[in-house]
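Student: I've got a structure to look at and I'd like to learn how to read it. Can we go through it together?

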Amino acid sequence: MSGHVVPKRLYILIFAALIVCTGLTTGVAFINLGKWNTVVALAIAVCKASLVVLFFMHLRWSSGLMRMVLLAAFVWFAILVALTLSDEFTRQWTPVPSSWEAQAQQEAR
Amino acid sequence: MHSSTALAEQFDDLEQQHEASSFGMWVFLATEIMFFGGLFTAYILFRNFYLPAFETGSRLLDVRIGAFNTAVLLCSSLTMALAVRSAQLGKKGLLITFLLLTLLLGLTFVGVKLALEWRHDYLEGFAPGLNWTFNGPDSHHLELFFCFYFFLTGIHALHMVIGVGILTVLIIMAGRGRFSPQRYNAVEVSGLYWHFVDIVWIFLFPLLYLIGGRY
């Protein structure tokens, strides 16, 4: 037999934790925490996803090869998000020369 | 099934065969992460551009249905994990039972999505391009939110439907006794796929339904 057989009790424990997290994240959404609402919601989502990956998807007992694939995917995703957002949110940092704006207005006419 | 036929000739042993099939599915899931990742990034970006409209959009979704469907999907992940376990232990009856349960929970999710949520949104006039009756100040930005909503949940639901198809094939294969403790790779990698679709929803639920300031 190949592959790690996980005890049934552990699966049910993980499932219970996932359901509790779902209740928690739904409840927190109705409390005003300002910008922390988003942080808490995403933190709980990451915890839930980690539980699913580690236990349901057996990554805890998988070889380094599978971990590398997942890590690579997340690093690329992080690059995608980080570069896109850093572009969009820093565009206003440098002033636009007034001659450019005058030219754009002229062309629009 | 004899262990001699359980092992395909290109592999040295069962361990290597098992590793190769899991590796293939993980690489596929990595491409899926990039696929959904692009959509998520676009959603985050436009949410920041038009925050008030996107928050209004989130509040217009029914959080009770969203939470219920999350629970349904988590249940289906549990039954899928137990199905893989039954296959590992060679328990054919239990394997078919758990696969059937997973199938039913998956259909419940898609059914609720289609019959309760999408139908409701359409009738209320929140379907961009089909039936859009909202006339507020942010109408166009709200339309964009609902475009994202239908596209993200639609692509996710499509993955669920594909998963249901895979489960159907697995149930037929299990019924014909095609799996054994030596060879259950098809069940295992289908499980990986199913759990991945669950994880996508784990992120979609807070991003679409929760972070819109419901207090």
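What follows is a run of questions and answers about this predicted model.

Student: Let's start with chain B. What pattern does chain B follow along the sequence?
Tutor: Chain B has seven helices and two strands. Reading along the sequence, you meet them in the order α-α-α-α-α-β-β-α-α.

Student: And what does the C-alpha trace of chain B span along its principal axes?
Tutor: Chain B has 215 residues, and 39% of them count as buried. Along the principal axes, the C-alpha trace spans about 70 × 30 × 30 Å.

Student: Among contacts in chain B between residues at least 6 apart in sequence, what percentage join residues at least 24 apart?
Tutor: Here we set aside pairs less than 6 apart in sequence and look at the other contacts in chain B. Of those, the share that joins residues at least 24 apart is 77%.

Student: Which helix gives the largest share of the largest nonpolar core?
Tutor: That core holds 70 residues, and A83(B), L99(B), F145(B) and L208(B) touch the most other members. The largest share of this core is 16 residues, and the helix that gives them is α7(B).

Student: Which residues does L208(B) touch, not counting those up to four places away in sequence?
Tutor: L208(B) is one of the core members that touch the most others. Leaving out residues up to four places away in sequence, L208(B) touches S58(B), L61(B), Y149(B) and L152(B).

Student: Are α4(B) and α5(B) roughly parallel or antiparallel to each other?
Tutor: Helix α4(B) and helix α5(B), residues 92–124, pack at an angle of about 160°, with their axes 8 Å apart. Their crossing is left-handed, and the residues of this contact divide into 18 nonpolar, seven polar and two charged. Angles over 145 degrees count as roughly antiparallel. So the word for α4(B) and α5(B) is roughly antiparallel.

Student: Is I166(B) buried, exposed or partly exposed?
Tutor: I166(B) lies in helix α6, residues 139–175 of chain B, and touches S190(B) and Y193(B), not counting residues up to four places away in sequence. Buried would need 20 or more other C-beta atoms within 10 Å, and exposed would need 12 or fewer. I166(B) has 18, so I166(B) is partly exposed.

Student: How far apart in space are I166(B) and D12(B)?
Tutor: In sequence, I166(B) and D12(B) are 154 residues apart. In space, C-alpha to C-alpha, the distance is 28 Å.

Student: Now for where the two chains meet. Which helix gives the largest share of the side of chain B that touches chain A?
Tutor: The contact takes 40 residues from chain B and 42 residues from chain A. On the chain B side, α2, α4 and α7 each give two or more residues. The largest share is 14 residues, and the helix they come from is α2(B).

Student: Are α3(A) and α2(B) roughly parallel or antiparallel to each other?
Tutor: The axes of α3(A), residues 64–89, and α2(B), residues 14–49, come within 9 Å and cross at roughly 15°. The crossing is right-handed, and the residues of this contact divide into 18 nonpolar, four polar and one charged. Angles under 35 degrees count as roughly parallel. So α3(A) and α2(B) are roughly parallel.

Student: Over to chain A. What is the handedness of the crossing of α1(A) and α2(A)?
Tutor: Helix α1(A), residues 8–28, and helix α2(A), residues 36–56, pack at an angle of about 170°, so they are roughly antiparallel. Residues that meet there include L10(A) and I14(A) in α1(A), with V40(A) and A41(A) among those in α2(A). The crossing is left-handed.

Student: Is H58(A) buried or exposed?
Tutor: H58(A) lies in the loop between α2 and α3 of chain A. Its phi is positive, about 65°, although H58(A) is not a glycine. With 20 other C-beta atoms within 10 Å, H58(A) is buried.

Student: Last one: is Q105(A) buried or exposed?
Tutor: Q105(A) sits in helix α4, residues 98–108 of chain A. The cut-off for exposed is 12 or fewer other C-beta atoms within 10 Å. Q105(A) has 9, so Q105(A) is exposed.

Methods. Residues numbered from 1 in each chain as written. Chains lettered and ligands numbered in written order. Predicted model: local features only at pLDDT ≥ 70, side-chain atom pairs only at ≥ 80, totals over all residues. Axes fitted to C-alpha atoms, helices over the stretch in contact; angles between N-to-C directions. Helix = DSSP H or I, 4+ residues; strand = E, 2+ residues; numbered from the N terminus. Parallel < 35°, antiparallel > 145°, perpendicular 65-115°, else oblique. Left-handed = near helix turned anticlockwise from the far one by under 90°. Nonpolar A, V, L, I, M, F, W, Y, C, P; charged D, E, K, R; others polar. Contact = placed C-beta atoms within 7 Å. Core = buried A, V, L, I, M, F, W, Y, C linked by C-beta atoms within 7 Å.
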